[in-house]
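User: I am new to this structure. Please show it to me, then explain the terms as we go.

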Amino acid sequence: MSRKAQQRCFEPFYTTKELGQGTGLGLSTVYGIVKQNDAYINISGELGQGTTIQIYWPLLQPCVVEEAALEIKSFKKDLVNVKGMTILFVEDDEKLREFAGRNLLKAGIQVIVAVDGQDALSKVEALGRAPDLLFTDMVMPRMGGPELGRRLRERYPDLPVLYTSGYTDNSAIKELGENEVFLQKPYTVRSLLAAIEKLLNAQ
């Protein structure tokens, strides 16, 4: 990677390819995640010899897992109606689906998982009714979160929608309406449950 590319590689949509040939490596999202976690990222290398990216994370405290369990327990106590509610969770990242889905289940929430907007619409058809809440990524293949939210709310106007994304410059974030909340990636168990609580309490 050239020196110029190293200096600009963390800019949104920066790419060395010709117009229409690609949108870059998505390193702006990586940079945002690293900084939000109080970490440090460094890039080095020589043109034609390879590139090295180093990320330095803060030390993880051993009590993190226990804290997450306590957060879920507290959340269940505050929301007496959480048990049995159904969330439609739409996310194209497999690891995030596993992380969020597992913790929602631990909180006593029934989770319907979909990999994109089209899959989510099919899951709602199979359910035969509106979910209690839609939790969806904004940027996904086939159909993104804003389009999915619009189509579902045409049928279910009061459906609460929790959007999430790693892209803070998404114009749809500025156009959120009633019963819509945005959760920035990466999110923790605490911030996820707090966002759900905010939506439910607004009903």
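Analyst: Start with one residue pair: F89 stands opposite V113 in β4. This is a predicted model, where local features need pLDDT of at least 70, side-chain atom pairs count only at pLDDT 80 or more, and totals for chains, interfaces and linings use all residues. Residues are numbered from 1 along each chain as its sequence is written, and side-chain values use heavy atoms, with hydrogens and water left out.

User: How do you know that β3 and β4 pair?

Analyst: Two strands pair if DSSP finds at least two bridges between them. Five bridges join β3 to β4, so the definition is met. The two run parallel. Strands themselves are DSSP runs (E, at least two residues), and helices are runs of H or I, at least four residues, numbered from the N terminus.

User: What makes β4 and β7 edge strands?

Analyst: The open sheet has five strands in the order β4-β3-β5-β6-β7, with parallel pairing. β4 (110-114) and β7 each have a single partner strand, so one side of each lacks a neighbour in the sheet.

User: Why is one group of 20 residues called a nonpolar core?

Analyst: A nonpolar core is a set of buried (under 20% relative accessible area, 1.4 Å probe, protein chains only) Ala, Val, Leu, Ile, Met, Phe, Trp, Tyr and Cys residues, joined through side-chain atoms within 4.5 Å. The largest such set has 20 residues, and I87, L104 and F135 are among those with the most contacts inside it. Its largest share, six residues, comes from α7.

User: Which residues is L104 in contact with, leaving aside its neighbours within four places in sequence?

Analyst: Contact means heavy atoms within 4.5 Å. On that basis L104 touches I87, I109, V111, F135, L192, L193 and I196.

Notes:
Buried means under 20% relative accessible area, exposed over 50%, partly exposed in between (1.4 Å probe, protein chains only).
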